[in-house]
Amino acid sequence: MRMTDIQRCDIRPGRVVEWTLHPRAVEAAAGLPEDSRPPAYVQESHVRTARSVRDDGLFVPTWLGAAFDLAGPVDVEALQRALAAWTVRHETLRSGLRWDDGELRRFTLAADDVALHREDAGTFTDATTLTRYLEDRFDTAANALSWPNFIYAAVLREDGASVYAAFDHSNVDAYSLYRLPAEIHDLYEAAREGRADPAPPVASYVDFCAVERADADQVDDTHEVVACWREFIARCGGTLPNFPVDLGLDPQGPLPTQKLLCAPLADDAEAAAFEAYCRPYGGSLVGILAATALVLHEMGGEPVYRAVVPFHTRVKSRWQESLGWYVGGAPIEIPLADAPDFDSALRLVRDELRRTRPLSRVPIARVLRQLGADFRPTSPDLYSIVSFVDTRPVPGSERWPEMRAHGLVRVSYGDKVCAWVARFHDGLHFSARHPDTETAHKNMRRYVEGVRERVAATARGAMPGAAPGGG
């Protein structure tokens with residue numbers, strides 16, 4: 001289930017059916033009182049950023065989504081029941097945010113009031129036209145500044161259907177998307193066969209938001225976490241870090257459009273060998289970050305690699321199956337003068353992550369508020385990222401190829417680099433969105449090739465007869 005954009009997931013023509021929250025449910029939500037559970041800091045920051053960028057005159061779609069196939073002929077009524085049951089299961093989808101005197105307040109629709117409205121959008125015979133239609137439709141229906149902010153669609157054909165789901169980022173993270181195909185597929189099969197919902201209720205991201213915010217609000221400007229971030233940002237020149245290579249940006253120009261880069265990094269055997277070599281240092285995440293630091297140093301000569309590393313915040317098992325945006329960030333600094341070789345870089349990254357990962361439990365937006373600096377966002381991304389996730393433990397991941405499952409990311413505007421490295425059953429894969437400039441194209445390809453070569457060389461060294469260095 002590689003992360004890609006809607007243009008690359010091989011959309012095939014057919015009859016399009018869409019589901020959105022029913023107008024009666026939307027009307028019921030309009031009169032709801034405030035839900036005492038506040039938005040998460042990451043949600044609030046996301047919505048405020050979207051409004052700030054819009055006020056600057058630019059509409060920047062930021063939805064995420066998933067796509068997968070169902071074998072046909074497809075029972076549309078059963079699919080609707082499955083989508084409705086899945087929507088009710090995940091409370092964040094029926095919970096929205098609205099402005100009240102400059103503050104964001106939550107409201108939440110009762111589960112019994114949830115209903116989906118189905119609409120036939122017609123038959124499309126051209127894949128390019130259909131792709132453009134779906135992207136425009138998702139841009140409108142899964143918008144950070146409106147509610148409801150999700151939509152489902154199915155492209156029906158005689159041999160089956162392709163199902164698409166798009167959500168404003170405030171509702172989902174990548175792990176949420178990875179769980180989606182198998183969950184909805186199983187609900188559909190149950191509905192088609194007249195069986196009860198096969199899955200037990202799940203914990204609510206809305207509850208998590210309240211818990212996390214209550215903890216974060218205990219953090220003031222004297223807190224150790226704030227001090228660590230203050231020092232890190234000072235060493236970054238007063239800003240959060242961008243990708244440390246030339247991206248061809250015009251500092252005085254408008255926010256650039258972005259482009260998606262997707263590339264394989266290693267097959268299954270190479271990925272397994274790379275993981276085995278890196279395991280004494282902490283595993284593939286450490287290996288990817290160490291390779292990144294070394295490659296970027298070779299490309300740009302920066303003496304210290306500084307970055308914010310994403311970590312999930314599903315630290316308690318109760319949140320594992322919950323749909324939501326469970327992500328925090330930890331700052332890292334890797335002095336390359338102390339890393340003459342890959343093993344040295346692995347040790348530095350391992351030690352730095354051990355030191356800073358606890359910082360990811362405090363939302364960055366809370367930290368920035370305590371710093372008192374003017375971090376008014378002019379870009380949808382506060383900083384560049386390189387993330388890693390092992391998708392193999394995700395329920396249903398072994399079925400992704402036969403389901404033609406994809407994660408979808410909307411590529412629109414931005415001056416940062418957001419890169420995702422994922423371990424699948426068949427190897428390591430890289431996806432990133434980056435500024436759409438010739439310089440960025442060239443340097444991102446150089447970076448990916450450098451990481452691929454580092455992974456391959458490490459894998460060769462981890463083959464039988466070559467023991468890992470440990471440390």
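**Helices, sheets and aromatic contacts in the predicted model**

Helix 4, spanning residues 127-141, contains 15 residues and covers 21 Å between its first and last C-alpha, close to the 21 Å expected at 1.5 Å a residue. The structure described here is a predicted model. Within helix 4, the buried residues are Leu130, Thr131, Leu134, Glu135, Phe138, Asp139 and Ala141. An α-helix has 3.6 residues a turn, so residues three or four places apart point the same way. The buried residues of helix 4 pack against four strands, namely strand 2, strand 6 (116-124), strand 7 and strand 8.

Strand 7 deserves a look of its own. Running from residue 150 to residue 157, strand 7 is mostly covered, with eight of its eight residues buried. In a regular strand the side chains alternate between the two faces of the sheet. In strand 7, one side carries Phe150, Tyr152, Ala154 and Leu156, the other carries Ile151, Ala153, Val155 and Arg157, and the residues of both sides are all buried. The helix 4 packing described above contributes contacts to this strand, since strand 7 is among the elements met by the buried residues of that helix.

The neighbours of strand 7 come next. Strands of a sheet pair through backbone hydrogen bonds, either parallel or antiparallel. Strand 7 pairs with strand 2 (residues 14-21) in the antiparallel sense, over five bridges, and here Arg15 stands opposite Leu156. Strand 8 (residues 160-167) also runs antiparallel to strand 7, joined to it by eight bridges. In this second pairing, Leu156 stands opposite Ala161 of strand 8. Two residues separate strand 7 from strand 8, and the two strands form a hairpin. Aromatic side chains appear in this region too: Phe150 and Tyr152 belong to one aromatic cluster with Trp86 and Phe167.

A further sheet is found later in the chain. This open sheet has four strands in the order 9-15-14-12, with mixed pairing. Its edge strands are strand 9 (258-267) and strand 12 (385-390), each of which pairs on one side only. From one strand to the next, the twist averages 15°. Strand 9 and strand 15 (residues 427-435) are antiparallel and share nine bridges, with Asp267 standing opposite Gly427 of strand 15.

Two helices lie across strands of this sheet. Helix 8 (residues 268-278) lies across strand 9, strand 12, strand 14 (418-424) and strand 15, and runs at about 80° to strand 9. Helix 9 (residues 284-300) lies across strand 12 and strand 14, running at about 155° to strand 12.

Turning to ring contacts, a search of the whole structure finds 19 aromatic pairs. One of them joins Trp229 and Phe232 in an edge-to-face arrangement, with 5.9 Å from centre to centre and 90° between the planes. Both residues belong to helix 7 (residues 224-235), where Trp229 and Phe232 are three residues apart, about one turn of the helix. Trp229 and Phe232 are both buried.

Charged side chains also meet aromatic rings in this model. Arg51 places its charged end over the ring of Trp99, 3.6 Å from the ring centre. In a second case, the charged end of Arg213 sits over the ring of Tyr41, at 3.8 Å from its centre.

Note on methods:
Residues are numbered from 1 along each chain as its sequence is written. This is a predicted model: local features need pLDDT of at least 70, side-chain atom pairs count only at pLDDT 80 or more; totals for chains, interfaces and linings use all residues. Side-chain values use heavy atoms; hydrogens and water are left out. Buried means under 20% relative accessible area, exposed over 50%, partly exposed in between (1.4 Å probe, protein chains only). Two strands pair if DSSP finds at least two bridges between them. Axes are lines fitted to C-alpha atoms, for helices over the stretch in contact, and angles run from 0 to 180 degrees between N-to-C directions. Contact means heavy atoms within 4.5 Å. Rings of Phe, Tyr and Trp (its six-membered ring) pair if their centres lie within 6.5 Å; planes under 30 degrees apart count as stacked, over 60 as edge-to-face and the rest as tilted. A charge sits over a ring if NZ of Lys or CZ of Arg is within 6 Å of the ring centre and within 35 degrees of the ring normal. The expected span of a helix is 1.5 Å times one less than its number of residues.
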